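Reader: Hey, got a minute to go through a model with me? I'd like to start with the aromatics and then jump around a bit.

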Amino acid sequence: MNLYDLGRVPWLESQLIYHAFPRLGMEGLILLAPAEPYVCIGYHQDAEQEVDLAYCREHDIPVFRREVGGGAVYLDGQQLFFQLIIHRDNPLAPRDRVEFYRTFLAPVAQSYRDLGVKAHYRPVNDIITEAGRKISGTGAAEIDDYAVLVGNLIADFDYETMVRVLRVPDAKFRDKVFKSLRENLTTLHRELGQAPPWQTMVDTLARNFESVLGPLTPAELPEVVQEKVAELARTHTTEEWLLAPRRRFREDRKVKIAEGVEVVQRVHKAPGGLIRGTVETQHRKIVAVGLSGDFFFYPADKLADLEQALVGIKMAELQHVLEEYYHTNAIESPGVTPEDLAVALGAASAR
């Protein structure tokens, strides 16, 4: 497999390059960092709910929706990104989602240990320190016939800007988020007193990925990738792309429209991520559904199909229909079950 050590690249390329590879039928391991800061949201998130878009515009901070699940995050040149693109039929790539994470995050955990931080993999997709703090942001997706794994080695992190770009109800809540972020997310700089040299991190990560991928051949990025990046930039930087899925109701609430007609939005924290469910019912029959959040759902395009499949069913049948949909469409959503979706849509009790 080829290794593309790209150094620092424009922020948009730092995302679109790995989106281009599957569309071009290319495998590879990419190592890079963005030359400018930006905010990146998960594929299933609602940008207007998760990010203070007005603040980002005022401070010239771009916001990008990636084709990978997970949550909103502020990124800059203090993180070394790894991006693995591998064909789903490659014998090195486990079909089971959790085993896929376990296999390809093991080199990341080992890299942290080699750099001096005691870290290990924790299902579904976390790398944590001995003290239980998260030290890498990771996610996976399926794009065309390829599995994509993205993540980072966090040399340092701008906690202050991270909490500022998030959409929160008030300053007091923002302070709580900042405190929780500091307590639960750490960096190489915090753990070691200083970040390791950049090239040391690159070499360490590449060496450990070779332990599961086999020899990596240094390669230059082909011109065809840049052409595909330019093509994707025309679609993935539009307001339509960023704001989808846009929901009609922005806060957790229950609104009675008329007798027997109501709209409810709930938030449920499943092991695999936060789920926001919006459901409109008429006499306990679903007429509209919206699901968003920082969870992972494969195949990704089946989430919109699921929303449509739930229209017209009775709330009492919701969990059964969800279970049938999962089975029929071979859905994988690590850490999120049909019951979790039912909870988010108000048809079951939280565990």
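Reader: First up, is Phe100 buried or exposed?
Author: Phe100 is buried, with a relative accessible area of 2%. Buried here means under 20% relative accessible area, exposed means over 50%, and partly exposed is in between (1.4 Å probe, protein chains only).

Reader: Anything I should know about the model and the numbering before I go on?
Author: This is a predicted model, where local features need pLDDT of at least 70 and side-chain atom pairs count only at pLDDT 80 or more, while totals for chains, interfaces and linings use all residues. Residues are numbered from 1 along each chain as its sequence is written, and side-chain values use heavy atoms, leaving out hydrogens and water.

Reader: Ok. How many aromatic pairs are there in the whole structure?
Author: A search turns up ten. One of them is Phe100 with Phe104: the ring centres are 5.0 Å apart and the planes sit at 70°, so the pair is edge-to-face. Rings of Phe, Tyr and Trp (its six-membered ring) pair if their centres lie within 6.5 Å; planes under 30 degrees apart count as stacked, over 60 as edge-to-face and the rest as tilted.

Reader: Where do Phe100 and Phe104 lie?
Author: Both are in helix 4 (residues 97-114), four residues apart, about one turn of the helix. Helices (H or I, at least four residues) and strands (E, at least two) are DSSP runs, numbered from the N terminus. Phe104 is buried too, with a relative accessible area of 0%.

Reader: What about Phe157 and Tyr159, how are their rings arranged?
Author: Their centres are 5.3 Å apart with planes at 80°, so that pair is edge-to-face. Phe157 and Tyr159 are both buried. Tyr159 also has Arg182 over its face, at 4.8 Å from the ring centre.

Reader: Which other Arg lies over a ring face?
Author: Arg8, which is over the face of Trp198 at 4.7 Å from the ring centre. The test is that NZ of Lys or CZ of Arg is within 6 Å of the ring centre and within 35 degrees of the ring normal.

Reader: Switching to Leu12. What does it touch?
Author: Leu12 touches Phe64, Ala233 and Thr237, not counting residues up to four places away in sequence. Contact means heavy atoms within 4.5 Å. Leu12 lies in helix 1 (residues 11-23) and is buried at 18% relative accessible area. Phe64 is also part of an aromatic cluster with Trp11 and Tyr38.

Reader: And how do helix 1 and helix 9 cross?
Author: Their axes come within 8 Å and cross at roughly 110°, helix 9 being residues 223-236. That makes helix 1 roughly perpendicular to helix 9. Axes are lines fitted to C-alpha atoms, for helices over the stretch in contact, with angles from 0 to 180 degrees between N-to-C directions. Under 35 degrees is roughly parallel, over 145 roughly antiparallel, 65 to 115 roughly perpendicular and the rest oblique.

Reader: Last topic, backbone oddities. Where is there a cis peptide bond?
Author: One joins Pro123 and Val124, with omega about 15°. Val124 is in the loop between strand 7 (119-122) and strand 8 (126-129). The bond from Tyr298 to Pro299 is also cis, with omega near -10°.

Reader: And what's the phi of Asp60?
Author: Near 55°, a positive value in a residue other than glycine. Asp60 is in the loop between helix 3 (53-58) and strand 4 (63-65), and at 67% relative accessibility it counts as exposed.
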